[in-house]
Structures are given as C-alpha cells and as structure tokens.
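Work through the exercises below with the sequence and the model at hand, and try each task before reading its solution.

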Amino acid sequence: MTYRSSRAMDPYSAELPHHQTLLQGTDWASLATPCGTGESLPTALARLIDPDPLVREAAVKDALGKVTHQNSIYEATMPVALYAAAILEHPALAVDGSRHDDAPSMGRPTLVAVLDWLGRTARDADDACVAADEDSCGDGSPDGGMRAFRELRPAIFTAVRAFLGHDDPEVRNAALVAAIPLVEHPALVTHRSDLAGHAHRLLATSTDRYHRDRVLDALKAWGHDTTDLESEADIAAHERYAVLRAARASRQNDRATGGGYSEDPPF
C-alpha cells in the first residue's frame, strides 16, 4: 500500500489503518514536507511509541513538527495525521511517564501532545481556513492538501472521541479541542450536541486560554448562548482580540489605499 493510492478511500469512512501498515506501506520519500520530502519520517514516527518518554518527547518535534509550517497542510501531513490518530491508544502513550517527579523538566505527556497536534492541524483545515483560502485563490476550492486532510476527519474523529471521557482532564480537554474542528465534516455534525456537554465541563474547570477560546467559539458557532459560561477573563480576552482585529484591519486598509503616513517615514 502507498499513501497515494489510499486517497481513494471512502471519504466518509471511520476506519483507521493500523499504525504499522501506515508506517511500512507509505512511500514517504515521495511526499512533500515544508523542508523537502518525508524520507526521515518513518524513523521519527516510530519513536512516538518508544517506551522511553524522553525519546517520545523528542519525536513529537522530529515527526509532527516537520509536516506543519505556518498553518499549511503538506502531502506528508495526511499519513502523519492518520498515524498519530492510530497510535492514540498505544500502551506506550497510555502509561506516559513524562510527569515523573524525577524528570520535572520534561514537557507534556505524549498523548496530550499528539492530541494537541491533531487539533491544531484540523483547525488549519477547518471551514474558516477553507473560506480564507478560497478568497485568496479565487478558484472556489481549498488546495489539494487541505482538501485531502478534510476527507480524513471521520477516521481521525473516531480515534479522538475515545478520549473525551478520559480520567485525566488534560487529556480529555485536548481531545475535546481536537474534536471541535473535526465535527465540521458533514458526517459528524450530529456529534456536536455531545461535544457541547463536554464543553460545559471544560469551561467549569479549566483556565487554559487556548482551550477556553476554542470551546467558546465552537458553542457560539453551534448556536449556544454562552453568556453564563464566560468568565471575566474570557470577556477581557475577547475585548483584547477585538482591539487587535481592528488594528490589523486598519493596517490592511492603509496598505490597500496607499495610506498609513501623512508624510514619507524617515527611513
């Protein structure tokens, strides 16, 4: 099997290939990354399930970090995303030791890091990004990489969904934030009501700014009234974002009209 041939899979399928099948059956050297091809990815991906948490921590950067750049989706992003989803329930991630007291300098558990990467990558291919891409390209469709990733959302969601009720709040919150952009897929919209319940739980317990923003934005987009769910910190953040958006729009308008200075700046 090669990844190129797997693109013909049913876009509504929730089936995930086995992680070893993906690793061994993908023509990695033929797939583009931000810095060349994916020839080195199989070794890095295999280390994501190494028994040593230090090895796994390094692999998150070496494997996942090499297929994303400036919110762009590349050819190699798709099989990496499938592999990441396929290893979520691997025993090495389930017993992650990255929070041992004798290793306080280590980062997040691998499971959380992989869920976070899946969520951020899915957000780079969400409906808003497609609309922005269409506006910039003017051809009425997302680029090939973004379109291919969006076809994988049912399979990825199936893997992520299993962690929505995880005992560890860091894991279940990462799973929720990953699931939100995935359920934009037409076959998954019925899951929004379930995610809304998990969203209420997150908002009642978490102070993580990124997670709260993603969850509140989703609830609003799904038609929920979030007035009673927003904290003072949420309101302050939204006001700050509004100021930043206005400033950015003003700069863009100045560039578009040739304005911005009453006189030439003293370069």
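Four exercises follow, each with a worked solution.

The model is predicted, so that local features need pLDDT of at least 70 and side-chain atom pairs count only at pLDDT 80 or more, whereas totals for chains, interfaces and linings use all residues. Residues are numbered from 1 along each chain as its sequence is written, and side-chain values use heavy atoms, with hydrogens and water left out.

**Exercise 1.** Establish the secondary structure of the protein chain and its share of buried residues.

Solution. Begin with the DSSP runs, where helices are H or I over at least four residues and strands are E over at least two, numbered from the N terminus; the chain comes to 14 helices and four strands. Next take burial, which means under 20% relative accessible area with a 1.4 Å probe and protein chains only: buried residues make up 43% of the 267 residues.

**Exercise 2.** Determine which residues of helix α10 are buried.

Solution. Helix α10 spans residues 153–161, and seven of its nine residues are buried. These are R153, P154, A155, I156, F157, A159 and V160. Then follow I156 outward, counting as contact any heavy atoms within 4.5 Å: leaving aside its neighbours within four places in sequence, I156 is in contact with A81, A85, L118, F149 and L182.

**Exercise 3.** Identify the members of the largest nonpolar core that touch the most other members.

Solution. A nonpolar core is a set of buried Ala, Val, Leu, Ile, Met, Phe, Trp, Tyr and Cys residues joined through side-chain atoms within 4.5 Å. Of the 69 residues in the largest one, L45, L48, L88, L118, I156, V160 and V215 touch the most other members. Helix α11 gives the most to this core, with nine residues.

**Exercise 4.** Describe the largest pocket by its volume, its centre and the character of its lining.

Solution. A pocket is an open set of points on a 1 Å grid where a 1.4 Å probe fits, with protein on both sides within 12 Å along at least five of seven lines, and lining residues have an atom within 4 Å of a point. The volume, taken as the space filled by probe spheres set on the points, is about 1300 Å³. Of the 45 lining residues, the closest to the centre are R123, D126, C129, Y210 and R214. Finally, sort the lining: with Asp, Glu, Lys and Arg counted as charged, Ala, Val, Leu, Ile, Met, Phe, Trp, Tyr, Cys and Pro as nonpolar, and the others as polar, the lining divides into 18 nonpolar, 10 polar and 17 charged residues.

Notes: Buried < 20%, exposed > 50% of the residue type's maximum accessible area, 1.4 Å probe, protein only.
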